[in-house]
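Student: I'd like to take a close look at a single part of this structure with you. Could you walk me through it at an easy pace?

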Amino acid sequence: QVQLVESGGGLVQPGGSLRLSCAASGSVSVKVMRWYRQAPGKEREFVATISRDGSTEYAPAVKGRFTISRDNAKNTMSLQMNSLEPEDTAVYYCNALTSAHSYWGQGTQVTVSS
């Protein structure tokens, strides 16, 4: 079992920055960690992924603005979000993949508005 807790969401003006964090606890080794987001009335969408060796991929909508990072020793993952746009408003979810299961956090709200 893996438990995930996100933090760092909030209200920010367009052009601003936020840093999201995800803390993973449990006895199972996490191979891949990802961020997803879900805006009101839309389906959940992929944002970024990072493997245990540090390899990363980003959705086109966030590439160049968001940076995903991971600390394997502390079992944490972060998402640095810069140049935020109103279209980035969503609930952001942490996802962790082990060899057998996919786990989700409860989500943290990010609102970009003036």
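Student: Which residue does the disulfide join to Cys22?

Tutor: Happy to take you through it, and please keep in mind that this is a predicted model. The partner of Cys22 is Cys94, with an S to S distance of 2.0 Å. A search of the whole structure finds one disulfide, so there is a single cross-link to follow, given that a pair of cysteine sulfur atoms has to lie within 2.5 Å to count. Cys22 sits in strand E3, which covers residues 18-26, while Cys94 belongs to strand E9, so the bond ties together parts that are 72 residues apart in sequence. The torsion about the S-S bond is about -70°, and the disulfide is therefore left-handed.

How open are the two ends? Cys22 has a relative accessible area of 1%, so this residue is buried. Cys94 comes out at 0%, and it is buried as well. The cut-off behind that word is a relative accessible area under 20%.

From Cys94 we can stay with the stretch of chain around it and turn to Tyr93. The C-alpha atom of Tyr93 is 9.8 Å from that of Glu45, although their positions lie 48 residues apart along the chain. Glu45 is part of strand E5, made up of residues 45-51. With 37% relative accessibility, Glu45 counts as partly exposed. Leaving aside residues up to four places away in sequence, Glu45 touches Tyr36 and Arg37. With Arg37 there is also a polar contact between the side chains, at 2.6 Å.

Two loop residues round off the picture, and their backbones deserve a glance. Ser83 is found in the loop between E8 and strand E9, the latter spanning residues 90-97. Its phi is near 50°, a positive value in a residue other than glycine. Ser83 has a relative accessibility of 40% and so counts as partly exposed. On the other side of E8, Asn75 has its place in the loop between strand E7 (66-71) and strand E8 (76-81). Asn75 also has a positive phi without being a glycine, here near 55°. Its relative accessible area is 33%, which means that Asn75 is partly exposed.

To come back to your question, the bond to remember is the one from Cys22 to Cys94, with strand E3 at one end and strand E9 at the other.

Note on methods:
Residues numbered from 1 in each chain as written. Predicted model: local features only at pLDDT ≥ 70, side-chain atom pairs only at ≥ 80, totals over all residues. Heavy atoms only, no water. Helix = DSSP H or I, 4+ residues; strand = E, 2+ residues; numbered from the N terminus. Buried < 20%, exposed > 50% of the residue type's maximum accessible area, 1.4 Å probe, protein only. Contact = heavy atoms within 4.5 Å. Polar contact = N/O pair within 3.5 Å; in protein donor to acceptor, adjacent residues only side chain to side chain.
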